[in-house]
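Visitor: I would like a close look at one part of this structure. Please go through it piece by piece.

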Amino acid sequence: SLAVFGKQWYQRRVREYFQHYYITNNLSDQVKEMKRILFRNPAVTYLRNTYLNGNNASSIPLIISRRNMFIQTQTTPNPNSLKFVPGIQILDHIGTYDFNSIENARISPLARQLFRIDGVTRVFLAPDFISVTKDDNEQPWNTMKPDIFACIMDFFSSNQPVLLDEAALASSSSVINADDDETTIMIKELLDTRIRPTVMEDGGDIRFVAFEDGIVKLALQGSCSGCPSSSVTLKNGIENMMQFYIPEVLSVEAVDDEIVELQNQVFEEFDKTLEKDK
């Protein structure tokens, strides 16, 4: 690890760098983002000057102080789900990962740690937040939140990877495939541009599963899964929007079981790969 003097030197250089661009009013988008993160969360310390040499900000490692890390919580439409925003980047890409059991969380050390907390039934990982869902009959949030805070802070201070295999769930995303027809492509594009960003604000996500006989099958993830208002959102919001832009869509249905089965298949293949590497 770096010596205390080295840490202080890098901190001073980064502060001077931001002050220079702030005074000259010549902030690029990346500098603005780094300045926002640095001053919003002083516990985040950038220990290398790679950005000063023109490299991307995402290449700069982060060292998190457990004592000073500040995690915000946000409520969601699902009373059994909370959104935890640690103020740092969680995933290195724009995808999301949904785990409904500790067995399915084998590719994520962070999710496995959260599942060890009594009452946690679902963990959802997004680029900049974590949604945790609890059992309806378990202990209240005010007794669970301290354990969740400690778990998240301990994990990021350990510098473990959030995911062991970031491509493990690629097959469940709304990526456009070569064999997709025109209607399917339009559905996926509408999901990615109009629907998913709004849903993620509420701590969840919606993934495309299939389009068959005019029926769009979607998987509800994160806070959306089990949410009392999910059926209203699905029919009054998503279905109406789909039918307005895409006349071929007759209805929209949620198929959570199918996405779980798909995840289990992917996880089994991942386990086989690990066994071969031993």
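Guide: Two strands pair if DSSP finds at least two bridges between them. Helices (H or I, at least four residues) and strands (E, at least two) are DSSP runs, numbered from the N terminus. The model is predicted: local features need pLDDT of at least 70, side-chain atom pairs count only at pLDDT 80 or more, and totals for chains, interfaces and linings use all residues. Residues are numbered from 1 along each chain as its sequence is written, and side-chain values use heavy atoms, with hydrogens and water left out.

Start with the sheet built from strands 8, 9 and 10. It is open, has three strands in the order 8-9-10, and its pairing is mixed. Strand 8 and strand 10 are its edges, each pairing on one side only. From one strand to the next, the twist averages 30°.

Now the pair at one side. Strand 8 and strand 9 run antiparallel and are joined by eight bridges. In this pair, Arg207 faces Ala219 of strand 9. Val209 is also part of strand 8. Val209 has a relative accessible area of 26%, so it counts as partly exposed (between buried, under 20%, and exposed, over 50%; 1.4 Å probe, protein chains only). Val255 comes 46 residues away from Val209 along the chain, yet their C-alpha atoms are separated by 8.0 Å.

Two helices lie across this sheet. Helix 5 crosses strand 8 and strand 9, at about 165° to strand 8. Helix 6 crosses strand 8, strand 9 and strand 10, at about 145° to strand 10. For these angles, axes are lines fitted to C-alpha atoms, for helices over the stretch in contact, and values run from 0 to 180 degrees between N-to-C directions.

Stay with helix 6, residues 230–245. Its 16 residues should span 22 Å at 1.5 Å a residue, and its end C-alpha atoms are 21 Å apart, which agrees. The expected span is 1.5 Å times one less than the number of residues. Helix 6 also has a kink of about 30°, centred on Glu239. The bend is the angle between axes fitted to the seven residues ending at a residue and the seven starting there.

Glu239 is also among the buried residues of helix 6. The others are Ser230, Leu234, Ile238 and Met242. What do these buried residues pack against? They pack against helix 5 (182–201), strand 8 (204–212), strand 9 (215–222) and strand 10 (251–254). Contact here means heavy atoms within 4.5 Å.

Elsewhere, look at strand 7, residues 130–134. Five of its five residues are buried. Ile130, Val132 and Lys134 point one way, while Ser131 and Thr133 point the other way. Strand 7 has two antiparallel partners to look at. Strand 4 (residues 81–85) pairs with strand 7 over four bridges, and Leu82 stands opposite Val132. Strand 6 (residues 120–125) pairs with strand 7 over five bridges, and Phe124 stands opposite Ser131. Strand 6 and strand 7 make a hairpin, with four residues between them.

Last, the whole chain. The protein has seven helices and 10 strands. It has 278 residues, and 45% of them count as buried. Among contacts with a separation of 6 or more, 59% join residues 24 or more positions apart.
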